[in-house]
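This report walks through one protein chain, from its sheet to single residues. The sequence and structure come next.

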Amino acid sequence: MSEPREVVIVRRPGRDLCAQDGLAGLLTAYHLRTQEEKGEAVAGADALPDRYRAEITDPQLAFARDAVLLASIGDTAVSCLVVAAPVDGRSEVKRLWTAPEFRGLGIARRLVGAALAHAEECGLDAVRLSVWQWRAGAIALYERLGFTVTGSWDERDRLVCMERSV
């Protein structure tokens with residue numbers, strides 16, 4: 001039996017992303033799954049709403065002001081998380097996704113921990129996020145990591161908004 005390979009987390013400024021980092025594939029899977037869960041399934045990335053396609057086709061531009069965390073095992077990108085540029089002393093976690101075959105290894109927990117450390121290094125007061133209400137596992141993870149439900153800053157239905165002090 002082979003040993004599990006080490007998970008490496010790299011933080012990059014969005015403007016420094018490259019086409020070979022694996023982020024586009026992770027974002028594609030994230031957005032396709034989200035559209036399906038919302039009951040708005042599409043056939044492929046080309047049919048996604050413009051704003052999501054822009055993240056996939058040009059993440060350097062889409063996340064230019066943000067920090068992007070990528071988790072890899074060997075040469076394979078297995079998970080991602082975007083820490084949006086701070087506003088009013090807070091950053092926002094977005095696009096947390098772990099490829100299904102790599103779930104259960106604590107990678108998402110480690111990425112959120114790295115996002116909190118990044119926020120602390122930046123001198124921020126809090127980190128916030130929104131999560132679809134049907135993603136009970138994600139909500140439970142965020143609660144275990146100290147996030148609490150807060151008033152919504154997003155007008156979309158079925159979103160749970162959460163925040164945690166840094």
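D88 sits in the loop between β3 and β4. Is D88 buried or exposed? It counts as exposed, because its relative accessibility is 70%, and the cut-off for exposed is over 50%. The backbone of D88 has a positive phi of about 55 degrees, although D88 is not a glycine. Most residues other than glycine have a negative phi.

R95 shares this trait: its phi is positive, about 60 degrees, and it is not a glycine either. R95 lies in strand β4. With a relative accessible area of 16%, R95 is buried.

**Confidence**

The model is predicted. The protein chain has an average pLDDT of 93, and 98% of the residues score at least 70. Which elements mark the two ends of the confidence range? β1 has the lowest mean pLDDT among the elements, at 91, and β6 has the highest, at 97. Where pLDDT is low, the predicted coordinates should not be read in detail.

**The sheet**

Seven strands make up an open sheet with mixed pairing. Their order is β1-β2-β3-β4-β5-β7-β6. Which strands stand at the edges? They are β1 (7–13) and β6 (148–149). Each has a single partner strand, so one side of each is left without a neighbour in the sheet.

Strands of a sheet pair through backbone hydrogen bonds, either parallel or antiparallel. Three pairings, from β3 across to β7, are set out below.

| Strand pair | Direction | Bridges | Bridge partners |
|---|---|---|---|
| β3 and β4 | antiparallel | four | V82 and K94 |
| β4 and β5 | parallel | four | V93 and L129 |
| β5 and β7 | antiparallel | seven | W132 and L159 |

In the antiparallel pair of β3 and β4, β3 covers residues 76–83 and β4 covers residues 90–98. The parallel pair of β4 and β5 belongs to a further arrangement: β4, α4 and β5 make a right-handed β-α-β unit. β5 itself is mostly covered, with six of its seven residues buried.

**Helices on the sheet**

Helix α1 (residues 23–37) lies across β2 (67–73), β3, β4 and β5 (126–132). It runs at about 90 degrees to β4. Helix α4 (residues 107–121) lies across β1, β2, β3, β4, β5 and β7 (159–165). The angle of α4 to β3 is about 40 degrees.

**Nonpolar cores**

In soluble globular proteins, nonpolar side chains tend to be buried together. Here the largest nonpolar core has 30 residues. Which residues have the most contacts inside it? They are L81, I107, V112, Y142, F147 and M162. At least two residues of this core come from each of β2, β3, β4, α4, β5, α5 (136–144) and β7. The largest share, seven residues, is supplied by α4.

I107 gives a close-up of this core. Leaving aside residues up to four places away in sequence, I107 touches V7, A71, I73, V78, S79, T98 and F102. Apart from this core lies another, of 15 residues. L26, Y52, C80 and V82 are among its members. V82 also appears in the sheet, where its bridge partner in β4 is K94.

**Two buried residues**

Q35 is located in helix α1. Its relative accessible area is 3%, so Q35 is buried, as the cut-off is under 20%. What does Q35 touch, not counting residues up to four places away in sequence? Its contacts are E40, A41, L48, P49 and Y52. Y52 is also one of the residues of the 15-residue core.

A77 is located in strand β3. It is buried too, with a relative accessible area of 17%. Beyond residues up to four places away in sequence, A77 touches D21, G22, L26, A71 and S72. A71 is also touched by I107, and L26 is among the residues of the 15-residue core. How far apart are A77 and A24 in sequence and in space? They are 53 residues apart in sequence and 10.0 Å apart in space, C-alpha to C-alpha.

Conventions: Residues numbered from 1 in each chain as written. Predicted model: local features only at pLDDT ≥ 70, side-chain atom pairs only at ≥ 80, totals over all residues. Heavy atoms only, no water. Pairing = 2+ DSSP bridges. Contact = heavy atoms within 4.5 Å. Axes fitted to C-alpha atoms, helices over the stretch in contact; angles between N-to-C directions. Buried < 20%, exposed > 50% of the residue type's maximum accessible area, 1.4 Å probe, protein only. Right-handed = clockwise from strand over helix to strand, strands pointing away. pLDDT = per-residue confidence, 0-100. Core = buried A, V, L, I, M, F, W, Y, C linked by side-chain atoms within 4.5 Å.
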